[in-house]
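Biologist: I am new to this model and would like to learn how to read its sheet and its helix packing; could we go through them step by step?

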Amino acid sequence: MKYIIVGLHCSGKQEVIDILKENNIKCGSVFSNIPPQTKNLYNTYEYYDISEINKIFENNAYIFMQEVQGNFNTSSFKYFEGLSKYEFDNNDVFCLSPDQVLNIVPCSIKEPICFIWLDNKKSNRKNRHINENREYNFNERESLEKRDINAFVKTLYSSDVLYFTDEEPERVAAIVYSIVKHPDLFEMYKKSFV
């Protein structure tokens, strides 16, 4: 089984991934051709140049791929982001934003997945945004993610979901760690975190 951590921005997804990585869980990365030095980004990416992205696209070797427009540092540009099948096949846990989840190509996934949904109140997410000195515009990202929230929720519940509301990332990471290491615990967690 693969685990995809999802939720609106500032819900603690990246913190969960960081804790899992520290504990030797194989966590995959989304790729992009955004230059690594670009500021005000919402996501963290593995940098791929456009020729690598073209090869992935031409070979249909992706779980999702999308073109995104960005407005960073008063300049506007387009870029690509995605998750390669190679990255997906060689890792256990991933972190995706709502728009990325909506762009998953269902037939590209051949094994069961479970969404780990971190659902936090706007006030808590806004505090995280401020406390972590995030540079992107909170309200702009909020508007983008809320636009397709119904489709996002419908997509999540087409698979298994472990649902957490206003939960500490450390506790979520402990649960994800335990089910990656001990898959037999999944059914017990599934009954408790619906």
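Biologist: In which sense do strand 7 and strand 8 pair, and over how many bridges?

Modeller: Strands of a sheet pair through backbone hydrogen bonds, either parallel or antiparallel. Here strand 7, residues 113-119, pairs with strand 8 in the parallel sense over six bridges, and one bridge links Phe 115 to Val 161 of strand 8. Pairing requires at least two DSSP bridges between the strands; strands (E, at least two residues) and helices (H or I, at least four) are DSSP runs numbered from the N terminus. This is a predicted model, in which local features need pLDDT of at least 70, side-chain atom pairs need 80 or more, and totals for chains, interfaces and linings use all residues. Residues are numbered from 1 along each chain as its sequence is written, and side-chain values use heavy atoms, without hydrogens and water.

Biologist: What is the order of the strands in the open sheet, and which are the edge strands?

Modeller: The four strands run 6-1-7-8 with parallel pairing, and strand 6 (93-95) and strand 8 (160-165) are the edges, each paired on one side only. The twist averages 20° from one strand to the next.

Biologist: How close do the axes of helix 1 and helix 8 come, and at what angle do they cross?

Modeller: Two packed helices are described by the angle and the distance between their axes. The axes of helix 1 and helix 8 (residues 169-181) come within 9 Å and cross at roughly 50°, which means that helix 1 is oblique to helix 8. Axes are lines fitted to C-alpha atoms, for helices over the stretch in contact, with angles from 0 to 180 degrees between N-to-C directions; oblique is whatever is not under 35, over 145 or 65 to 115 degrees. Among the residues in contact (heavy atoms within 4.5 Å) are Ile 19 of helix 1 and Val 176 of helix 8.
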